[in-house]
Every structure is written in structure tokens, then in C-alpha cells.
Amino acid sequence: MGDDAIAIVGLAESLGCFGICIGSHGLTATEAVLLGSVTCKVLRLARMPVLIVR
């Protein structure tokens, strides 16, 4: 899971993207804390705007 987020952010940075648009599976807060989330990690790692769509 963590490798996916790093790959997404790394690719966006290497391509010179202005932002990242990524989907959310609609996990509840409890599920996200227990299971983790690639989307949440992308949001934390990215130095560019991230748009999360449901």
C-alpha cells in the first residue's frame, strides 16, 4: 500500500504535474484508520494539490 502512494506521487512529480486527482473508496474514518489508505498517504506525501473524488 505505501509503495503505491510513493509511486503515484513520484510519477506526478517527475512528469511535472500541477496536481493529482485520485479516487476514494468511501471508507469510514474507522476503516481508514484500521486499514490505511493509499489516498490518505498520497494526500500527506504530495507537495501539489490533491483532488479526492468519491
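So, three helices and two strands: that's what this chain has. Reading along the sequence, you get α-β-α-α-β. Keep in mind that this is a predicted model, so let me say a word about confidence before we go on. The mean pLDDT of the chain is 85, and 85% of the residues reach 70 or more. Which element has the lowest mean pLDDT, and which the highest? Helix H2, residues 29–35, sits at the bottom with 65, while H1 is at the top with 92. When you look at H2 on the screen, remember that 65.

Okay, some overall numbers. The chain has 54 residues, and buried ones make up 20% of them. The accessible surface comes to about 4,000 Å², with 63% of that belonging to carbon and sulfur atoms. Then there are the contacts. If you take those with a separation of 6 or more, 74% of them are between residues 24 or more positions apart.

Now for the inside. Which residues make up the largest nonpolar core? There are 9 in all: Ala5, Val9, Ala12, Ile20, Ile22, Val42, Ala46, Met48 and Val50. Helix H1 and strand E1, which covers 20–23, each supply at least two of the core residues. H1 gives the most, with 3. As background, nonpolar side chains in soluble globular proteins tend to be buried together.

Let's zoom in on one member of that core, Ile20. Leaving out neighbours within four places in sequence, what does Ile20 contact? The list is Ile8, Val9, Ala12, Val42, Ala46, Met48, Pro49, Val50 and Leu51. Several of those names are on the core list too, including Val9, Ala12 and Val42.

The last name in Ile20's contacts, Leu51, is worth a stop. Leu51 is found in strand E2. Setting aside residues up to four places away in sequence, Leu51 touches Ile20, Cys21 and Ile22. Take Ile22: its C-alpha atom and that of Leu51 are separated by 6.3 Å, although the two residues are 29 apart along the chain. Is Leu51 buried or exposed? Neither, actually: its relative accessible area is 49%, so Leu51 counts as partly exposed, and the exposed label needs over 50%.

Two more residues have that partly exposed label. Ile6 is in helix H1, and its relative accessible area is 48%, so Ile6 is partly exposed. The C-alpha atoms of Ile6 and Ala46 are 9.0 Å apart, with their positions 40 residues apart along the chain. Then there's Leu27, in the loop between E1 and H2. Leu27 comes in at 36% relative accessibility, which means partly exposed. Its C-alpha atom is separated by 9.9 Å from that of Arg54, and these two are 27 residues apart along the chain.

On to the charged side chains. How many salt bridges does the count come to? The count is 1. It joins the side chains of Glu13 and Arg47, at 4.0 Å from N to O. The pair links distant parts of the chain, 34 residues apart: Glu13 belongs to helix H1, residues 2–15, and Arg47 to the loop between helix H3 (38–45) and strand E2 (50–53). How open are the two partners? Glu13 has a relative accessibility of 35%, so it counts as partly exposed. Arg47 has 75%, which means it is exposed.

Last topic, the cysteines. How many disulfides does a search of the whole structure find? The search gives 0. We can still say where two of the cysteines stand. Cys17 is partly exposed, with a relative accessible area of 34%. Cys21 has 55%, so Cys21 is exposed. And we've met Cys21 already, as one of the residues that Leu51 touches.

To pull it together: three helices and two strands, a largest nonpolar core of 9 residues to which H1 gives the most, and a salt bridge from Glu13 to Arg47. And when you look at H2, keep its mean pLDDT of 65 in mind.

Key
Residues numbered from 1 in each chain as written. Predicted model: local features only at pLDDT ≥ 70, side-chain atom pairs only at ≥ 80, totals over all residues. Heavy atoms only, no water. Helix = DSSP H or I, 4+ residues; strand = E, 2+ residues; numbered from the N terminus. Buried < 20%, exposed > 50% of the residue type's maximum accessible area, 1.4 Å probe, protein only. Contact = heavy atoms within 4.5 Å. Core = buried A, V, L, I, M, F, W, Y, C linked by side-chain atoms within 4.5 Å. Areas by Shrake-Rupley, 256 points an atom, 1.4 Å probe, with all protein chains shown as cover. pLDDT = per-residue confidence, 0-100. Disulfide = S-S within 2.5 Å.
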